[in-house]
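Let's take a walk through a protein chain together. Keep the sequence and the 3D view side by side, and pause whenever a residue is named so that you can find it.

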Amino acid sequence: MLKFINYINKDFEQQFEPDIKKYYQEVRKLLPTLPKDIKIYFMSDGIIHGMYTGGYAYSPEIISIALDPKATNLDMLRSQIKATVFHEAFHIAHNYTGQTGPFYLIENALQEGSATVFEIMYANSIAKDLYGDYRHHSKSQLNEWLNFIKDNGVISYDEYRLFAFYDKSDDIRWKLYKTGAWLVDQYLSKTGKDIKDFTNDDVVTIIDSLN
Ligand SMILES: [Zn+2]
């Protein structure tokens, strides 16, 4: 059962409740460890650049979702809600939540990268042109970010925001997500694994391989 526990723009958000329920049921079939009962908390910020939605796995029982009330293309919004639900549910399946952290930067990168690869693969997410789009960056650039990740265990939230979301000093977005997706994709092609079967043991295996 999904329970909706907070609204920002109630009338707008309520119309998507049946969609969110449907998407959560779908993702639970792919990730059977997900709990049946989960709470959805609509939040006011966190809309992703280039999208109408944003999400946050707040705790093992709560997914926060931001919806842009100015969204006009509701079909596009629905497909982005699906991608967001899939991404955040993937985090919950890996016990990667606001309440279960903090995590080392390399774990952040691999958890975000794998959730991103998952939403692209199973929810046809436009993340592939946004935070999952590492292909527009050179290998040396990606390796530079990887070295930053390896050299820094836990960084302040202000630094994290620059590295994960948007660095205005070089106008590059999502370095952490892109590096993570790059590492996860390499691992999947090397092992032949499907992203839906990617576990925290795989995270450990990748980390070990980087040392
Ligand atoms: Zn995430």
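How many helices and how many strands are there in the chain? The chain has eight helices and six strands. Both kinds of element are runs assigned by DSSP and numbered from the N terminus, where a helix is a run of H or I with at least four residues and a strand is a run of E with at least two. Reading from the N terminus, their order is β-α-α-β-β-β-α-α-α-α-β-β-α-α.

Two notes will help before we go on. Residue numbers start from 1 along each chain, following the sequence as written. The model is predicted, and local features need pLDDT of at least 70, side-chain atom pairs count only at pLDDT 80 or more, while totals for chains, interfaces and linings use all residues.

Start with the overall shape. The C-alpha trace spans about 50 × 40 × 30 Å along its principal axes. The radius of gyration of the chain, taken over C-alpha atoms, is 16 Å. The globule rule (2.2 Å times the number of residues to the power 0.38) gives 17 Å for 211 residues, which is close, so the chain is as compact as a globular protein of that length. How much of the chain is buried? Buried residues make up 38% of the 211 residues. Here a residue is buried if 20 or more other C-beta atoms, placed from the backbone, lie within 10 Å of its own, exposed if 12 or fewer do, and partly exposed in between.

Contacts tell us how the chain folds back on itself. Two residues are in contact if their C-beta atoms, placed from the backbone, lie within 7 Å. Among contacts between residues at least 6 apart in sequence, 69% join residues at least 24 apart.

Now look for the two domains. Domain 1 covers 2-93 and domain 2 covers 105-210, with bounds that come from an automatic or database domain assignment. Their centres, taken over C-alpha atoms, are separated by 22 Å. Where they meet, 11 residues of domain 1 and 15 residues of domain 2 take part in the contact. On the domain 1 side, helix 3 (residues 74-93) gives the most, with six residues. That side has six nonpolar, four polar and one charged residues. In this count, Ala, Val, Leu, Ile, Met, Phe, Trp, Tyr, Cys and Pro are nonpolar, Asp, Glu, Lys and Arg are charged, and the others, Gly among them, are polar.

Within domain 1, find helix 2 (residues 17-30). Its 14 residues should span 20 Å at 1.5 Å a residue, and its end C-alpha atoms are indeed 20 Å apart; the expected span is 1.5 Å times one less than the number of residues. Which residues of helix 2 are buried? They are Ile 20, Tyr 23, Tyr 24 and Val 27. These buried residues cover an arc of only 100 degrees around the axis, so they sit on the same side of helix 2; the arc is that of the directions from the helix axis to the C-beta atoms. Strand 1 (2-6), strand 2 (38-42) and helix 3 are among the elements that cover them. On the other side of helix 2, Pro 18 and Lys 29 are exposed.

Helix 3 has 14 of its 20 residues buried, so it is largely enclosed by the rest of the structure. After helix 3 comes Asn 95, with a positive phi near 55 degrees. In the loop between helix 3 and helix 4 (105-123) you will find Pro 102, and the peptide bond leading from Gly 101 to Pro 102 is cis, with omega near 0 degrees.

Helix 4 is also largely enclosed, because 18 of its 19 residues are buried. One residue to find in helix 4 is Ser 114, which counts as buried because it has 29 C-beta neighbours inside 10 Å. Leaving out residues up to four places away in sequence, Ser 114 touches Phe 90, Gly 180, Val 184, Ile 195 and Phe 198. Ser 114 and Val 184 are 70 residues apart in sequence, yet their C-alpha atoms are 6.0 Å apart in space.

Finish with two loop residues. Just after helix 4, Asn 124 has a positive phi of about 50 degrees, and with 13 other C-beta atoms within 10 Å it is partly exposed. Asp 171, in the loop between strand 5 (166-167) and strand 6 (172-173), has a positive phi of about 60 degrees although it is not a glycine. Is Asp 171 buried or exposed? Asp 171 counts as exposed, because it has 7 C-beta neighbours inside 10 Å.
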